[in-house]
Amino acid sequence: MSNAMYNKMWHQTQEALGALLDKEPQKMIEPQRNQVFIFQTLATFYIKYVQIFRNLENVYDQFVHPQKRILIRKVLDGVMGRILELKNEMVELELTEFHYFDDILQDLKLAPQQLDIPIPKYFLKEKLEVIKGREKILAQILADGGIDTSDMKYPVKSIPFDEAVKLIQIAERARQGRLRALFMKQIYLQEYRAKQSKMLGKKVTDTWAAALRIQKVWRRFHQCKETEKLREEEMIFLGMNPPPLFNEVSATVIQAEKVDRLRNEVQIKHEEDYREALVTIKNDLKLIEGLDIKENLQDQIRHWFIECRNLTGTFPEYPDIEEGGSAIIFSNKTIQQVIEDVIANQEEEEKNEKKKKKKKEKQPKNAKKQKKGTKEKNKEEDEKWKMSPSLFLPAMKEGCNAYKEIWMKKDESWNFSQDYDPELIKEEKRKEVESEIRIQVDELMRQELENLKLAVDRERERPMKAGKKKDKKKGKKGKKKEKKAKKDKDLTADRTIESLYKELVEEGLLIPALKVNLSDYIGEYSYLGTTLRQVSIEPMPSLLDVRQLITLYGIWPLGSAAVHEKAPLVKSLLLAGPSGVGKKMLVHAICTETGANLFNLSSSNIAGKYPGKSGLQMMLHAVFKNEPKRLKKHLPQILKLLKPDDRILIVGTTRRPFDAELQSFCKVYQKIILVPRPDYASRYVLWKQIIERNGGVLTSALNVSCLAKVTDGFTQGHIVEVVKGVLTDQRIRRQIHKPLTAVEFITAITSMNPVYKEEEESFKNWYAKTPLGKKRALAITRGSTEKAKDKGKRKEKKEKKAKKKK
């Protein structure tokens, strides 16, 4: 896709965002009571924002214009934050982490795949050098310590020497037996041919009969091949089979990857040129326009002195440096407007004094009654739902306004290479130069004002008592800071972060994250969620629903500082589910997608390390000093101390949550996510993709649908283990002659224990006891009772009508 196409996509997306920002306040301000209507409006805005985010993320990744990228990045952060705010509202409304939008997707004519939330590519691109450097340091520490992590993923079991010898002997005897059998078969065939020739006694002379026999065999073989070919073409046409070379990388994909690499290089070059231009253009402006700006500012301030003197009879008080100096008075205002403001302030002060006198004279007698009335009104208003104020809408509106003012109708025919625009830099830097020169001008004009007061009004300098007060306040603040510093002692003030990093790696607390992308967590959508909820049945979440929550609660806040500071803060996650469903894989995926450090603080890993209370305190201090900023003994206390600017996420995984105390779990973990076993649709996709990733070839001989049906209850871990066990190097080589069949995988999986429905129900029952689960259960019971009441009222009305007719 060319740059013009991406430019067009950006304009269309900005227009859609502007229309959405105009619609949202109108619908969200009005209080509502109908929960279904509220959820539909929230879900509609959520889906539309996701579509805008997908387009903007694509445009931001492909654009090379540095100034456009800055604006798009600002809008992107705003859209991400707004999506998280809407998600939080939907969770509080429906009292569940999982939502289903089947009916809304049908109205908007969208597929469920279009709700997939992408991870912005700039999360890793901006940290690429830091991540590479960290990986080198980590590898060096592990190599120096003799810790080998190459085989951590697939550990090899050691066997005794005698058993190894026996295995080699068995394999060698089998090889010799196969060779002996092949040799004996050749001898047998030679003897058989000799016997046949003796029995016939003469050669076949009828060549026509021999030729007819050969023709029959050839025609049969040729016709079979033709019918097979026609059948394959028909299945490809119907979409039942993939086309040939479907899994092979095409030339266009290779070319697209080259273009992406070149585009990244151009992006980096243009950004470097833009940063250099910021400095050079600013220096040029100081040299060329600096003197003119200084003279204009001085004339403007002098005119203000004289006009204030003429209007009020005295010279004005000059604002201090802390208040902002003359910038407060003349910010985007002419001299006439400043004078008008002075007159207006005087009139307002006189009016306020008159109003205060009148209020003191007249006091309302029925004040208590009015208060009661207002309380009753407030209660009625509280019952209605209202959208909480957004922290990201102003940023998005600013971005849209900047787009309309600068880029909407801008002629860029001259800028074919999409390099920086020097005129925009001049406008931006002119303001900075003016603010810097204004500080110098303020110093000069303060002195000039004092001289004017002495010369004209003969006023004496007043002693600056305010300065002493300020110093006292500063002293008090300094004392408070000292007290805080005493409380938060740095236990390792004499050590560098590099030494702490090395110690944590050697102790096994800081571990290298496996390079696993979130897209590797394979699954399918739940297409029956809405219908099940309509029948008051709470469905188990699908794997892709879990993946979306990991993106929203884990990856987005860790990847973007702006989103983490303002969005609804999620400090801790708990992934609960049976073994083998990919809980630890999701943890590693969070670290891979955001470039975060991974600390393993599981009970088995910290056992015997840093003993005692002081040891535990020291361990947590070392962990949280490597990037975080707070330290306390227990996790709930640590969570309270974490601030929005501390980009830390505590993720726990458990396969037996019902064995632990529920109250302590709920204190530590803000969000609890159930990770289910895969359903039929997810198993079907898993079998296909895992077989292909391990070198298997899918043919008509392999019934994947049968495999997915038979393996109900088995997890992703089971499927991966079975596929790796069946697809050995020898079996992969033999696929050409002997295609894969479902029986091979079924026989391998029979020795494994599945996740039974009873275990899945125990997870559901446990989750129903959590705070959010309890609220959801109460909401469902209330909804069913209200429905029953409505039905009873309808029956009574019908009976009354029938009696009246009689």
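## Strand and salt-bridge exercises

L573 has K671 as its bridge partner in β5. The model is predicted: local features need pLDDT of at least 70, side-chain atom pairs count only at pLDDT 80 or more, and totals for chains, interfaces and linings use all residues. Residues are numbered from 1 along each chain as its sequence is written, and side-chain values use heavy atoms, without hydrogens or water.

**Exercise 1.** Find the sense in which β2 and β5 pair, then sort the side chains of β5.

*Solution.* Step 1: take β2 (residues 572-576) and β5; they pair in the parallel sense over 4 bridges (strands are DSSP runs of E, at least two residues, and helices runs of H or I, at least four, numbered from the N terminus; pairing needs at least two DSSP bridges). Step 2: in β5 (residues 671-674), K671 and I673 point one way, I672 and L674 the other. Step 3: all four are buried (under 20% relative accessible area; exposed is over 50%, partly exposed in between; 1.4 Å probe, protein chains only).

**Exercise 2.** Locate the partners in the K68 and E412 salt bridge and classify their exposure.

*Solution.* Step 1: the side chains meet at 2.7 Å, N to O (cut-off: a Lys or Arg side-chain nitrogen within 4 Å of an Asp or Glu carboxyl oxygen). Step 2: K68 sits in helix α3 (residues 66-94) and E412 in the loop between α13 (393-407) and α14 (422-457), 344 residues apart. Step 3: K68 is buried because its relative accessible area is 0%. E412, at 18%, also counts as buried.

**Exercise 3.** Analyse the E434 and R438 salt bridge.

*Solution.* Step 1: the N to O distance is 3.2 Å. Step 2: both residues lie in α14, 4 residues apart, about one turn of the helix. Step 3: E434 is partly exposed at 30%, whereas R438 is buried at 8%.
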